[in-house]
Amino acid sequence: MSIPGLDEWLRSPQGRYVLDWEQQELDAVVVDIFGFNALQIGLPQCEFLRANRIPLRQTVSEFAAADVICNFTALPFAAHGADLVVLPHVLEFSDDPHQILHEIARILSPEGQIVIIGFNPLSLWGMRRRLDNSALFPWRGAWLSLNRLKDWLQLLGFEIDRGTFGCYAPPLSQEKWLQRWHFSENAGRRWWGFSGGVYILRAIKRTPGMRLIAPKWRTKAVAAKALHPVAHKEGHEQH
């Protein structure tokens, strides 16, 4: 089953505004991540892995044309087989977002990385969502706050690496008004940090390090050698 209104929104001025920012940021985030296998789970219409140089890059979807079609809560990949997972706008439109994260933690290799894109509920976009009764994308679903997402990731053994906010313009529908609010991007990053309409979060899967236990060598006490005094012969000269 597809998400109602997704394709129409992606083609709209509002959708292009969001995707242009996301694509630019993703290009910079994934370019320096290396490995053998990379997955983009969700939104196969977009090429969020295009700047990455991992040899095998695949798209995964539940309903659209992609390299792999599957349920996100039961990913058909071996444990520890992926080095990078990009997750664009999946968690806030899923019935079981925590299980999806659990599956990604399972398939990621130690030190593998996850990059999550989400809508920020603590923003003008989040305010619009609370006032909009539409069941269409992106206003439907349960948007996750960044703090809640960080808590989930840390419980699954991830270490937060970096994050960024963007799309500070109000969620306007006409392109000319979005262009007039372009100044808000620089001002928003400087003054309104956490109020961007969209966030990108990058985290690394950490595994507890092994502690090497040194063998308990059996040592024998070395008997102390007795020190024997050396007799000094004193010579007396006779005159």
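**Exercise 1.** State how many salt bridges the rule gives for this predicted model.

*Solution.* A salt bridge needs a side-chain nitrogen of Lys or Arg within 4 Å of a carboxyl oxygen of Asp or Glu. By this rule the count comes to 7 salt bridges. As background, side chains of opposite charge can pair when their charged atoms come close.

**Exercise 2.** Test the pair Asp 32 and Arg 202 against the cut-off, then find where each residue lies.

*Solution.*
Step 1. The closest N and O atoms of Asp 32 and Arg 202 are 3.5 Å apart, and the pair forms a salt bridge.
Step 2. Asp 32 sits in the loop between H2 and strand E1 (37-41), while Arg 202 belongs to strand E7 (residues 198-205), so the salt bridge ties together parts that are 170 residues apart in sequence.
Step 3. Buried means under 20% relative accessible area. Arg 202 has 6% relative accessibility and therefore counts as buried. Asp 32, with a relative accessible area of 36%, is partly exposed.

**Exercise 3.** Work out which residues are linked with Asp 32 in a network of salt bridges.

*Solution.*
Step 1. Arg 202 also meets the side chain of Asp 161 in a salt bridge, at 3.3 Å from N to O. Asp 161 is in strand E6 (residues 158-166) and Arg 202 in strand E7, so this pair ties together parts that are 41 residues apart in sequence.
Step 2. The side chain of Asp 161 meets that of Arg 162 in a salt bridge as well, with 2.9 Å from N to O.
Step 3. Asp 161 counts as partly exposed at 33% relative accessibility, and Arg 162 counts as partly exposed at 43%.
Step 4. Put together, Asp 32, Asp 161, Arg 162 and Arg 202 are linked in a network of salt bridges.

**Exercise 4.** Describe the surroundings of Gln 14, beginning with its place in helix H2.

*Solution.*
Step 1. Helix H2 covers residues 13-30, and Gln 14 is in this helix.
Step 2. The relative accessibility of Gln 14 is 6%, so Gln 14 counts as buried.
Step 3. Neighbours within four places in sequence are left aside; the residues then in contact with Gln 14 are Trp 9, Trp 125, Arg 128, Trp 139, Pro 171, Leu 172, Ser 173 and Leu 178.
Step 4. For Pro 171, the backbone oxygen lies 3.0 Å from a polar atom of the Gln 14 side chain. A polar contact is a pair of N or O atoms within 3.5 Å.

How values were computed. Residues numbered from 1 in each chain as written. Predicted model: local features only at pLDDT ≥ 70, side-chain atom pairs only at ≥ 80, totals over all residues. Heavy atoms only, no water. Helix = DSSP H or I, 4+ residues; strand = E, 2+ residues; numbered from the N terminus. Buried < 20%, exposed > 50% of the residue type's maximum accessible area, 1.4 Å probe, protein only. Polar contact = N/O pair within 3.5 Å; in protein donor to acceptor, adjacent residues only side chain to side chain. Contact = heavy atoms within 4.5 Å.
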